[in-house]
Amino acid sequence: MNILAKITEIAGQNIFLESGYIDVANLKYYPEVRAICEDNMCRNYATSWVCPPAIGTITECKERVGKYDKMLLFSQKYELEDSFDFEGMTEGLLDFKKRVDIFQQNIWNPITYK
């Protein structure tokens, strides 16, 4: 089994709701989203290594991502009471982080690469 198939198998082991590969060439970059970040709408601007400004400019992101052919995209669904259910959002965030940690541990455990 090749590495992409093995990673897909691991992601599908009840860790995520959906997962699959997408071609990096099909990614779209929206300056409008970056503007929302810069306006600090989530109040986390400049507080995380996965958000601006730590991730660099859109051009830098395109260059970095463009070194790859495919990207694994995965998701999970969380039910909220309403759009102001901050507690539910926080629980979902923590659960998702836990799932990503489990996924990463399963990836780095001894895998037979063929």
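This passage walks through helix α4, a nonpolar surface patch, the salt bridges and the cysteines of the structure shown above, which is a predicted model.

Helix α4 makes a convenient starting point. This helix covers residues 86-108, 23 residues in total. At 1.5 Å a residue, a helix of that length should span 33 Å, and the C-alpha atoms at its two ends are indeed 33 Å apart, so expectation and model agree. Four residues of α4 are buried, namely G88, G92, F103 and I107. The cover over these buried residues includes helix α1 (3-11) and strand β2 (70-75).

Just ahead of this helix in the chain comes a piece of surface worth a look. L80 lies in the loop that connects β2 and α4. Together with F86 and M89, L80 forms a nonpolar patch on the surface, and the three residues share about 300 Å² of accessible area. L80 itself has a relative accessibility of 39%, and therefore counts as partly exposed.

Attention now turns to charged side chains. The model contains four salt bridges, and three of them are described here, including one within α4. In that helix, R99 pairs with D95, with the closest N and O atoms 2.6 Å apart. The two partners sit four residues apart in α4, which is about one turn of the helix. An α-helix has 3.6 residues a turn, so residues three or four places apart point the same way. D95 is partly exposed, because its relative accessibility is 22%, and the buried class ends at under 20%.

R99 also reaches beyond its own helix. Leaving aside residues up to four places away in sequence, R99 touches N14, I15, F16, Q76 and Y78. Y29, by contrast, is 70 residues from R99 along the chain, and the C-alpha atoms of the two are separated by 26 Å.

A second salt bridge is found in helix α1, where E9 pairs with K6 and the closest N and O atoms are 3.5 Å apart. These two residues are three places apart in α1, again about one turn of the helix. E9 is partly exposed at 33% relative accessibility, and K6 is likewise partly exposed at 24%.

The salt bridge between K70 and D23 connects two strands. Its closest N and O atoms are 2.7 Å apart. K70 belongs to strand β2 and D23 to strand β1 (residues 18-23), so this pair ties together parts of the chain that are 47 residues apart in sequence. Both partners are partly exposed: K70 has a relative accessible area of 42%, and D23 has a relative accessibility of 33%.

The cysteines complete the picture. A disulfide is a covalent bond between the sulfur atoms of two cysteines. The model has zero disulfides, and the sulfur distances help to show why for C37 and C42. For C37, the closest cysteine sulfur is that of C51, at 6.3 Å, which is too far for a bond when the cut-off is 2.5 Å. For C42, the closest cysteine sulfur is also in C51, at 6.0 Å, and that too is too far for a bond. C37 counts as partly exposed, given its relative accessibility of 26%.

Key. Residues numbered from 1 in each chain as written. Predicted model: local features only at pLDDT ≥ 70, side-chain atom pairs only at ≥ 80, totals over all residues. Heavy atoms only, no water. Expected span 1.5 Å × (residues − 1). Buried < 20%, exposed > 50% of the residue type's maximum accessible area, 1.4 Å probe, protein only. Contact = heavy atoms within 4.5 Å. Patch = residues over 30% accessible without salt bridge, like charges linked within 9 Å, V, L, I, M, F, W, Y side chains within 5 Å. Areas by Shrake-Rupley, 256 points an atom, 1.4 Å probe, with all protein chains shown as cover.
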